[in-house]
Amino acid sequence: LYGEADPYLKSACLGSNPESCEWAGLVAAGLKDHTRALNHYRRGCSAGMESACYQLGRSLRSKGRGGEATTPLRKACDSGVAGACTELAIVLWQSGK
């Protein structure tokens, strides 16, 4: 299932449709390609897709990279993505801030 969607979402994300980057990242993560998932989330986040920022921050935090997760999570939280606020609070708590 993931394999069929992957090339289309990847193409859309790398093209002119940053909205697809979050989905491309989710599919890549489902295929256990976490490096590619992070790259897709980063691309979407850089293009202003706050939900991709949330996924980027969540993924970084789950990999023990809380310091890197703070910026995308803050961006998503400040834009109204409630889950990102929770993730950001966890990162800050874990870092003692």
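Trainee: At what angle do helix 3 and helix 4 pack, and how far apart are their axes?

Mentor: Keep in mind that this model is predicted. To read a helix pair, take the angle together with the axis distance. Here helix 3 and helix 4 pack at about 145 degrees, and their axes are 7 Å apart. The crossing of helix 3 past helix 4 is left-handed.

Trainee: Which residues make the contact?

Mentor: From helix 3 you have Leu38, Tyr41, Arg42, Gly44 and Cys45, and from helix 4 Ala52, Cys53, Gln55, Leu56, Ser59 and Leu60. By type, the contact of helix 3 with helix 4 splits into 7 nonpolar residues, 3 polar and 1 charged.

Trainee: What span should helix 4 have?

Mentor: Count the residues and work from the rise. Helix 4 has 13 residues (50-62), so at 1.5 Å a residue it should span 18 Å, and its end C-alpha atoms are indeed 18 Å apart. After helix 4 comes Gly64, with a positive phi near 80 degrees.

Trainee: Which residues of helix 4 are buried, and what do they pack against?

Mentor: Ala52, Cys53, Tyr54, Gln55, Leu56, Gly57, Ser59 and Leu60 are buried. The buried residues of helix 4 pack against helix 2 (21-30), helix 3 (34-46), helix 5 (66-78) and helix 6 (82-94).

Trainee: And Asp6 in helix 1: is Asp6 buried or exposed?

Mentor: Check the relative accessible area against the cut-off. Buried means under 20%. Asp6 has 13%, so Asp6 is buried. Asp6 sits in helix 1 (residues 2-14). Setting aside neighbours within four places in sequence, Asp6 contacts Val27, Leu31 and Arg36.

Note on methods:
Residues are numbered from 1 along each chain as its sequence is written. This is a predicted model: local features need pLDDT of at least 70, side-chain atom pairs count only at pLDDT 80 or more; totals for chains, interfaces and linings use all residues. Side-chain values use heavy atoms; hydrogens and water are left out. Helices (H or I, at least four residues) and strands (E, at least two) are DSSP runs, numbered from the N terminus. The expected span of a helix is 1.5 Å times one less than its number of residues. Buried means under 20% relative accessible area, exposed over 50%, partly exposed in between (1.4 Å probe, protein chains only). Contact means heavy atoms within 4.5 Å. Axes are lines fitted to C-alpha atoms, for helices over the stretch in contact, and angles run from 0 to 180 degrees between N-to-C directions. A crossing is left-handed if the near helix is turned anticlockwise from the far one by less than a right angle, and right-handed if clockwise. Ala, Val, Leu, Ile, Met, Phe, Trp, Tyr, Cys and Pro count as nonpolar, Asp, Glu, Lys and Arg as charged, and the others, Gly among them, as polar.
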